[in-house]
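Look at the fold below with a plain aim in mind. Find the sheet, then the helices beside it, then two loop residues.

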Amino acid sequence: MRPVETKSAFDDRNPVLIGQRPRSRRQALRKAMWIALWLLYLAGPVGELTGHGFSTAQRIWGITGLALFVLAYCVLVFRHVWHRPPVSQRYTPLAAMLVLSVALTWTLGYTWLVLFIFTSVASAVVLPWQRSRWVIPLVTAVVIAVGARYPEIRGYYLFAYALPALGSGFVMVGVQNLIRTTQELRAAREEVARLAANEERLRLARDLHDLLGHSLSLITLKSELAGRMLPGRPEDAAKQVADIEQVSRQALVDVREAVTGYRRPRLAVELAGARAALRTADIALTVDPALEDEPRGLTADTEGALAWALREAVTNVVRHSGAGRCALLLTEEWEADDRHYVCLTVNDDGDGPPRAQHDGNGLAGLRERLALADGHLETGQPRGSRGFTLRAYVPKGSPTVSPDDPIPVPDTAPGAANGAP
């Protein structure tokens with residue numbers, strides 16, 4: 001299995017960095033000391049070498065062989081910790097350890113059988129499970145074969161050396177699987193954090209697109225109107241400038257609420273904004289009485305989805321349609337799936353979309369908003385007439401997901417109800 005790379009910060013609950021590579025000299029030293037601590041199990045062979053039972057030649061052979069064994073073990077384990085070489089490059093040190101274990105035990109005594117435990121554990125650490133599951137029993141079989149040479153330990157060496165070699169190897173396999181699982185969980189946690197940050201950025205992009213598109217369009221219209229009123233009608237121009245100030249202040253409040261995540265539009269508020277925007281653009285507005293009253297059967301989330309739809313549709317009628325009239329309707333309909341929907345319809349008599357087969361940025365974002373509220377969007381030109389019709393559907397009842405949840409939307413750009421790209 002390919003190792004999982006993570007960028008998690010140092011965890012104080014994991015001081016020996018199990019499953020993590022050291023990132024500083026201090027961490028490397030701490031990990032090296034932890035690995036070297038297990039070499040204390042070689043105290044038995046070292047104690048025999050310092051005793052009086054061996055000749056000088058045997059001591060030289062024992063010291064040399066043990067040094068080579070420890071060197072092969074350290075090279076194998078430390079390279080695995082820092083560099084993770086290819087599997088093919090791990091067999092040579094393992095083979096050297098196994099050969100030295102056999103040679104030293106065969107020539108110096110049964111105390112050296114402990115070397116096989118190190119060989120078994122090392123193979124479990126550096127080899128994939130598909131290979132270590134065969135190498136560990138092989139090392140155990142060699143322990144049994146070599147230990148049978150010494151009659152004085154035949155009664156217990158299976159329990160003292162063979163079973164520890166087998167058990168320690170498979171226990172270390174379990175530890176390696178646990179380490180890999182921990183690494184995958186750490187990587188998944190980091191990915192969740194990245195996705196959460198990305199989703200928050202997308203939420204801000206969506207809200208700012210819808211909020212500022214409406215407000216800036218209204219400010220532009222009122223500024224043009226005030227410019228045309230000057231210098232002949234200064235009082236009317238001053239009124240338009242006052243309206244610009246009010247819209248700007250409200251836009252600032254909306255942006256602050258969007259940034260803090262508390263923005264939830266209301267139909268009544270958006271209807272008032274639609275009246276002002278259409279009146280400034282000199283577009284006649286017809287409003288269904290059902291939309292004037294407080295809508296019934298809508299949750300805060302579904303009403304918010306319809307309010308976003310109203311804002312986006314009216315903004316793009318003002319900016320792109322060239323219409324002279326606009327009608328807003330609110331109806332209740334039963335769809336083919338036997339579900340009860342509330343439908344907001346926005347009609348205009350403008351030029352219609354230049355490319356009806358493509359959604360604009362605002363229209364794509366609106367479609368995703370409604371989908372999160374378990375609703376849907378329908379757009380198109382009325383049959384036999386010019387203009388454009390937008391229908392936003394939301395179910396009566398609680399949606400499964402809040403429409404204020406983050407969703408992916410394209411970059412802010414003009415285009416929505418009229419399909420402008």
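This report covers a sheet, two helices and two aspartates.

The model is predicted: local features need pLDDT of at least 70, side-chain atom pairs count only at pLDDT 80 or more, and totals for chains, interfaces and linings use all residues. Residues are numbered from 1 along each chain as its sequence is written, and side-chain values use heavy atoms, leaving out hydrogens and water.

**The sheet**

Five strands make an open sheet with mixed pairing, in the order E1-E2-E3-E5-E4. Strand E1 (284-287) and strand E4 (376-380) are the edges, each pairing on one side only. On average, neighbouring strands are turned by 15° against each other, direction ignored. Strands (E, at least two residues) and helices (H or I, at least four) are DSSP runs, numbered from the N terminus. Two strands pair if DSSP finds at least two bridges between them. Strand E3 (residues 340-348) and strand E5 (residues 388-395) are antiparallel partners over eight bridges. Within E5, Thr-389 is the bridge partner of Asn-347.

**The helices**

Helix H9 (residues 267-280) lies across E1 and strand E2 (325-334), at about 155° to E1. Helix H11 (residues 300-321) lies across E2, E3 and E5, at about 15° to E3. Contact means heavy atoms within 4.5 Å. Angles run from 0 to 180 degrees between N-to-C directions, with axes fitted to C-alpha atoms, for helices over the stretch in contact.

**Two loop aspartates**

Neither residue is a glycine, yet each has a positive phi.

| Residue | Phi | Loop | Relative accessible area |
|---|---|---|---|
| Asp-282 | about 60° | between H9 and E1 | 68%, exposed |
| Asp-374 | about 65° | between helix H12 (361-372) and E4 | 28%, partly exposed |

Buried means under 20% relative accessible area, exposed over 50%, and partly exposed in between (1.4 Å probe, protein chains only).
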